[in-house]
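Reader: Hi, I have a structure open and would like to go through it with you. Could you start with a term I will need?

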Amino acid sequence: MAAPYLQQPSFLLATLKADCVNKPFAQRCHDLETLIEEFPAKELHGIFPWLVESIFGSLDGIIVGWNLRCLQGRTNPTEYSVALDFLDPSGPMMKLVYKLQAEEYRYDFPVSYLPGPVKASIQEQVLPECSLYHNKVQFPSSGGSGLNLALNPFEYYMFYFAISLITQKNSSITQHISPSNSAYFILVDTYLKCFLPTEGSVLPPPSSNPGGAIPSPTPRSPAVPFTSYGMHHTSLLKRHIAHQPSVNADPASQEIWRSETLLQIFVEMWLHHYSLEMYQKMQSPHVKESFKPTEEHVLVVRLLVKHLHTFSNSLKPEPLSPSAHSHTASPLEEFKRVVIPRFVQQKLYIFLQHCFGHWPLDASFRAVLEMWLSYLQPWRYAPEKPPQTAELLPRSVSEKWAAFIQENLLMYTKLFVGFLNRTLRTDLVSPKNALMVFRVAKVFAQPNLAEMILKGEQLFLEPELVIPHRQHRLFMTPTLGGSFLSSWPPTITDASFKVKSHVYSLEGQDFQYKQMFGTEVRNLVLKLAQLICQAQQTAKSISDHSAETTASHSFFSWFKFTTSEMNGTGNDLDEIGQDSIKKTDEYLEKALEYLCQIFKLNEAQLTQMMMKCGTAQDENGKKQLPDCTESEDGLILTPLGRYQMINGLRRFDVQYQGDAELQPIRSYENATLVRLLYRLSSALNERFADRMDVLCSREDFVGRFCRYHLTNPHLVQKIRYSPVLKDRTNQNWGPRISLRFLASYRTLISLLMLYFIASWFHVGPVGCTFIILCSYFLYAVIMTFFFEGQKPHEQ
């Protein structure tokens, strides 16, 4: 592109928009890279907002942009590679960001697209506690509408990148696309590793002046007169580089600014959709949910949580001398120390609370569950590795994590109770639901974890009068009372106060704590154990029924209807399969074992419970009826009965009691053949009815043979003793010929297969038909010997 200095931004922008239509994706990215290298910041300033929107999509979701959430290397390898290279932290786009950053340009971001609590706070002229919004809120210009944030290029770019996960609801994400393999997911991971490094420091921005600082944004117009709720803390950036000339700023402080800004934007855009007050209102079932996170959203948050644990655990060991620590600790090391409690804990807790209470009761909750379990186990992301000899044994949780557990007590206890309440409403026969129970029980059963949680509860319940020097303190969250970098004097190790401060800061001073190891929660665990036993019995019944069905399906049974087909009593649970039933049983058995370890459940009590569940079947091995109450209108299901039916624990034995020939045509039958065969069998029955009666009345083998194959004694008995059914039909319930089984597709397929096999052995159609008839006659004779028929009048 020649003479870049002579072109106007409007002409340059028009050219780029035309290229979007006329040039392929890779060529456009190459031209943009050249343009970024050759043009000055003054010319690039005008195209930057358009370029960001064309990449990440518009805030209203109408413009999709590059659709990074659907872009995968497996389906579009070229575009995938080009996009990642262009948006890489050292790629052309970030070079443009830093180029504009050096000139201190500002870009407007509408407040109306911020998360709900932040938007409401700013519109009410209350300054959010997050320092990300300080000195950025601007009055609308003359003729303009709405409040805006004045963001520098780095903030503007990251705002759009983060919020595209939320706003792009219309992206055509299909079931064949794995979110963890998308370009967006890879970029999140790349940005986290670059700006929150676990080793070394953040790479300096590529700039013509490497020592130059990235300046903080300053308002262009008078800011809104805000009333800050609480005492907003000083930013880490301001703490470390305040009153320093920007030219001589410490490069380490710059990495803190970019790291803190990136993390604040990710947390605000992805987690801060519910405030504590909003969450408490959402407990009412009549309140409409304002924001619904997706499974993809939760997977990205889990990636953030895992990386923050790794980042925090990469903190260098503290020196023995406290004075040495104050002089040697770098800003990045101090940032690692406070990153989780300061930026993530409160917002993630409220986010998880909402998901536990409002997420659908299906297998998609697994994403939320794994994100929660990832947060609960920071030791999984610690640099130290367990000894190789102990890999097969459960890894004990070290005492060094006691402080983390105590300062995150509600994450362990209250959310565990929330999980129990969810589980008690799910179908544990489902392998996916059983797996979730197993996963939670396995995590909480890790050696020494339950003891440390119990110790945290004891510290919270410790009477306040025990420690006199705490009587006049106020419980407050650190975000409302000074910087996280300031700590209590080393001589005071007040663990109880820290636990109380954590609980009250998340739930308020009036919170009534429910003990995880108290009587109420223990009763919930016993209910869950009972449901696990019932689910195991249900799975066993399904397995036994499936085994019996498989054993009874001989080669010749393909020519007949099964009982469930004729009576319409098929169950969806029968389609689970033996492998899935086996997995369900294994998951539930281990989960029950882990729950016994965690809550020290009495083995005798569990044995009695399992025996009670085992005797829940009647003498014939069938399930009892659902729990009902008798009324004038008949049986009425109780809430327990409805739960039993929904989860497949019990069911009514409903069978078709009419004429099997008159059942509706099934999906596995040929409709034309059903009608033709019914006419044929009706003609035969009408013509040979008297002869069939005579044959069925004989006492010899011929009589037993005819009674078995031409009558249905049980149906005759039901018709005879049921005046309702007797009055509803004038059909002849004596011996009859039924040819409907020949209309079944599997019967037709079997006959074709037999004819094909016969032709392979050079047997003609007549010979093949003769073999089939002889085989069927032999089968009928054998069945007659095993199941002797009885006359209808003998029932």
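Author: Let us begin with the word contact, which means that heavy atoms lie within 4.5 Å. Please keep in mind as we go that this is a predicted model.

Reader: Okay, so for contacts between residues at least 6 apart in sequence, what share joins residues at least 24 apart?

Author: In this chain, 80% of those contacts join residues that are at least 24 apart in sequence.

Reader: And how many helices and strands are there?

Author: The secondary structure of the chain comes to 32 helices and five strands, and of its 795 residues, 46% count as buried.

Reader: Can we pick one helix? Why is H4 described as largely enclosed?

Author: Helix H4 covers residues 48-56, and because seven of its nine residues are buried, the helix is largely enclosed by the rest of the structure. The buried residues are Phe48, Trp50, Leu51, Val52, Ser54, Ile55 and Phe56.

Reader: What comes just after H4?

Author: Just after H4 you will find Gly57, which takes a positive phi of about 90°.

Reader: Switching to the outside, how much area does the chain expose?

Author: The chain exposes about 41,500 Å², and carbon and sulfur atoms supply 57% of that area.

Reader: Which residues make the nonpolar surface patch of about 450 Å²?

Author: That patch is made by Leu625, Leu635, Met645, Phe652 and Val654.

Reader: Where is Phe652?

Author: Phe652 sits in the loop between helix H26 (639-646) and helix H27 (671-697), and with a relative accessible area of 30% this residue is partly exposed.

Technical notes:
Residues are numbered from 1 along each chain as its sequence is written. This is a predicted model: local features need pLDDT of at least 70, side-chain atom pairs count only at pLDDT 80 or more; totals for chains, interfaces and linings use all residues. Side-chain values use heavy atoms; hydrogens and water are left out. Helices (H or I, at least four residues) and strands (E, at least two) are DSSP runs, numbered from the N terminus. Buried means under 20% relative accessible area, exposed over 50%, partly exposed in between (1.4 Å probe, protein chains only). Accessible areas come from the Shrake-Rupley method with a 1.4 Å probe; for residues, only the protein chains shown count as cover. Patches are made of residues with over 30% relative accessible area and no salt bridge: like charges are joined within 9 Å, nonpolar side chains (Val, Leu, Ile, Met, Phe, Trp, Tyr) within 5 Å. A salt bridge is a side-chain nitrogen of Lys or Arg within 4 Å of a carboxyl oxygen of Asp or Glu.
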